[in-house]
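Here's a set of exercises to work through with the model open beside you. Try each task on your own before you read the solution.

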Amino acid sequence: MIALLPFLALQSHPAPINLDSLLAELVDRSALARLPSPPYVCRQASSHDRASASPEKEREGRTEGVMLDTDGPGAIVRVGSAHPAGTLRFYLDGAATPVIAEEMARLLGGQGPVASPLSAETSKGWNLYLPIPYTRHCKVTCDHPKDVDYQIDYRTYPAGTAVASFAPGDLGRSAPALVRVIKLWEHPGEGEDGAGTATFDFTLSRENTDGTLSCVDPKAAAGPRAITGLSFRVEATDLPLALRRAVLRMSFDGEETIACPLGDFFASSPGLNPYRSWPITIAKGADEPTGRPGTQGDLVCRWVMPYRERFDLRVDVRGSSDVHVAGLVLTEPWSWDDRSLHFHGRWKASGVVRTRPVRDWTQLAVEGHGVFVGDMLSIANPVKAWWGEGGETFYVDGETFPSHFGTGTEHDSGSAQSSPELFQAPLHARTRCDGPGMFGSTSVTRFRGLDAIPFEKSLRFDVQLRHRRDCQVEMAATTFYYARPGAKDDAPPIRDGDLAVPHLEWKPFRIEGAVEAEDLKVFASSPGTQWVVQELDDEAWSGGRHLWVRARAKGGFVELSVPVEKPGRREVIVYPTRSSDYGTVQFHVDGVHAGLPLVTFDTEGPGAGAPRPYSLGTFDLAKEMRLRIEVVGTHERSDPPHFEFGLDCVVLR
């Protein structure tokens, strides 16, 4: 009995959760495949949450906005911002001095004490994945609260859970663990060659009459084991269509949990869009180590997928075209217990929907006990304007107000400011954006590690469809979650009509007869006056651009050379842009005053207002017309006075 006392003491006082243990969990894919122990709830504080950003007077006469104020034990697991500003401070366990006080853009952008990719700026979005544990309490503040959009994801553990608070010097003490995370995130396939004890290859084609093939040798699928690697190579005449019309179906222990178009399952669609992340990689082709001659890329999945008795993998090839698929499955032994979870990959298509009225679209509603770990959203957008203004909300276990209240689809997927730039990071990516602007097909992805969201009874994940324009879009969403056997979700049966690949061709808006101002030669200007061609995210401007002129003072001007295709008597119509920082302008045609002074200051609010036609009168024109635009005043509400103006086009009627 005496000999057992040290063992019993060790069991009753487990090692505390600390920075090192959280970093180890961050790169342990198998940890997501079991119910968390100790259990935790994951919540989000954000600048769109009604409970956030209350100002508070702090010491030394400094006013700090409180971004998060919560009791522990717990850990911050992600901080994201679209507009980092000021100094970010973390106060733990009631201490008067912050354990971290760093310029927000540096801390979240990989320029401060935390290196990329744990901290990085991607497509104008700043994200920090360094875990910050705390024992009793955590308060996060910023001294520019009104200027910052932010999201803070954090865990709360049950009372009494041993958590060691982040302390000064921890980054140095945990340097080996940080280096390991960075190395694994940069090389997510590290060690795959030796993984697994049951592997096999298979090949499919549409030549089979039923269009559905089982790809698994029953002997190789026997459990208890876990899939640790799954890869496909797809060859077809129309590859984007093949990736959408080949439907992957996987069952674990007799329960189908994956039903998803093959390309969408790899979290990028439509088409083959190369990127690398922690759980999924789409290789570029034969130049990649996983490629082979004749293939157009490998699709590699590293989610861990446990099963107690067996799994079955099938591909349902829809349509008449041949689709050739080759693949590889890696499995490893797994100890199945009451915390083990099945992996789910579910798919929804919205069909063609209008963007008005603004409303929520439910990507996933599930009943059961599990953990949400990520999603991919693709959208076909017929205009250049940004489509992702709405935020994401998560309702966990019947909440009436969501515990996650996001600030916008772009922020959730790691970018900001309507940037169309493609990017990849270990846990978020934009893998496709056709352009110009946000036109065409776009695909964004967000995976979750320490910020995975556990649920005991239910989870609902909504995305607000809040487009800047009233138009029609098509959406397709893939969601990933783990759950105990028997979980049910609202993913509908996949119909053939859902599997089309949207094809949009950019046709810029044009005003009939327009001579585009941005294409005109500037042959004279006032000293110091500057001009640029400015892209606009709306289709109200002919060609999607205008000439933006920045004069310094009253009297500033530019003179434009306007070609006249058919000389003679013509009405001259101009389309000036309106904006909250524009002045009052006077037009001249061939040296003659034309029309009255025109106020281009927009009193309706910030930003550019759509141009409206303004007739300057009728003139006898030669082969070239000289159009002078001069600032003659500013609006009484222009504070300070502004002397800028913009011109979309000229029409000669």
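**Exercise 1. Around S269**

Task: Place S269 in the fold, decide whether it is buried or exposed, and find its side-chain partner.

Solution. Keep in mind that this is a predicted model.
- Step 1: S269 sits in the loop between α7 and β17.
- Step 2: The relative accessibility of S269 is 2%, and the cut-off for buried is under 20%, so S269 counts as buried.
- Step 3: Its side chain is joined to that of D264 by a polar contact of 2.9 Å.
- Step 4: With neighbours within four places in sequence left aside, S269 is in contact with R244, D264, M376, S378, T442 and S443. D264 therefore turns up here as well as in the polar contact.

**Exercise 2. Two peptide bonds**

Task: What kind of peptide bond joins S269 and P270, and what kind joins R356 and P357?

Solution.
- Step 1: Check omega between S269 and P270: about -5°, a cis peptide bond.
- Step 2: Locate P270, which is in the loop between α7 (262-265) and β17 (275-276).
- Step 3: Do the omega check for R356 and P357: about 0°, and this bond is cis too.
- Step 4: P357 belongs to the loop between β23 and β24. The next two exercises take up residues from these strands.

**Exercise 3. H342 in β23**

Task: Describe the surroundings of H342, starting from its strand.

Solution.
- Step 1: H342 is part of strand β23, which covers residues 342-354.
- Step 2: With a relative accessible area of 1%, H342 falls under the 20% cut-off, so call it buried.
- Step 3: Now look for a polar partner: the side chain of D253 makes a polar contact with that of H342, at 2.8 Å.
- Step 4: Setting aside neighbours within four places in sequence, the contacts of H342 include F252, D253, E255 and T257, along with P306 and Y307. W336 is on the list, and so are Y481, Y482, A483 and P485.

**Exercise 4. Q363 in β24**

Task: Which residues does Q363 touch, and how far is Q363 from V463 in sequence and in space?

Solution.
- Step 1: Q363 lies in strand β24, residues 359-367.
- Step 2: Q363 has 3% relative accessibility, so it goes down as buried.
- Step 3: Go C-alpha to C-alpha: Q363 and V463 are 6.9 Å apart in space, yet 100 residues apart in sequence.
- Step 4: V463 is also among the contacts of Q363 beyond four places in sequence; the others are K348, D375, L377, F461, A477 and T479.
- Step 5: Of these, D375 has a side-chain polar contact of 3.5 Å with Q363.

**Exercise 5. Positive phi**

Task: Where do S123 and D397 lie, and is each buried or partly exposed?

Solution.
- Step 1: S123 isn't a glycine, but its phi is positive, near 50°. D397, not a glycine either, has a positive phi of about 55°.
- Step 2: S123 is in the loop between β7 (119-122) and β8 (125-128), while D397 is in the loop between β26 (392-396) and β27 (404-405).
- Step 3: S123 has a relative accessible area of 2%, so it is buried. D397, at 33%, lies between the 20% and 50% cut-offs and therefore counts as partly exposed.

**Exercise 6. Empty space**

Task: What lines the second largest pocket, and what lines the largest cavity?

Solution.
- Step 1: The second largest pocket has a volume of about 500 Å³. Its lining has 27 residues, with E25, A31, P36, S37 and P38 nearest its centre.
- Step 2: Helix α2 (residues 19-26) gives the most to that lining, 3 residues.
- Step 3: By class, the pocket lining holds 17 nonpolar, 5 polar and 5 charged residues.
- Step 4: Turn to the cavities: the whole structure has 5 of 30 Å³ or more, and the largest holds about 100 Å³.
- Step 5: The lining of the largest cavity includes E25, L26, D28, R29, L32, W278 and P279. W303, L427, F447, R448 and G449 line it too.
- Step 6: That cavity lining splits into 7 nonpolar, 1 polar and 4 charged residues.

**Exercise 7. The whole chain**

Task: How many helices and strands does the chain have, and what percentage of its residues is buried?

Solution.
- Step 1: Count 8 helices and 46 strands.
- Step 2: Of the 653 residues, 56% are buried.
- Step 3: Take contacts with a separation of 6 or more: 79% are between residues 24 or more positions apart.
- Step 4: The exposed area is about 27600 Å², with 50% supplied by carbon and sulfur atoms.

Conventions
Residues numbered from 1 in each chain as written. Predicted model: local features only at pLDDT ≥ 70, side-chain atom pairs only at ≥ 80, totals over all residues. Heavy atoms only, no water. Helix = DSSP H or I, 4+ residues; strand = E, 2+ residues; numbered from the N terminus. Buried < 20%, exposed > 50% of the residue type's maximum accessible area, 1.4 Å probe, protein only. Polar contact = N/O pair within 3.5 Å; in protein donor to acceptor, adjacent residues only side chain to side chain. Contact = heavy atoms within 4.5 Å. 1 Å grid on protein atoms, 1.4 Å probe; cavity = no way out; pocket = protein on both sides within 12 Å on 5 of 7 lines; lining within 4 Å. Points joined across faces, edges and corners; volume = space filled by probe spheres on them. Nonpolar A, V, L, I, M, F, W, Y, C, P; charged D, E, K, R; others polar. Areas by Shrake-Rupley, 256 points an atom, 1.4 Å probe, with all protein chains shown as cover.
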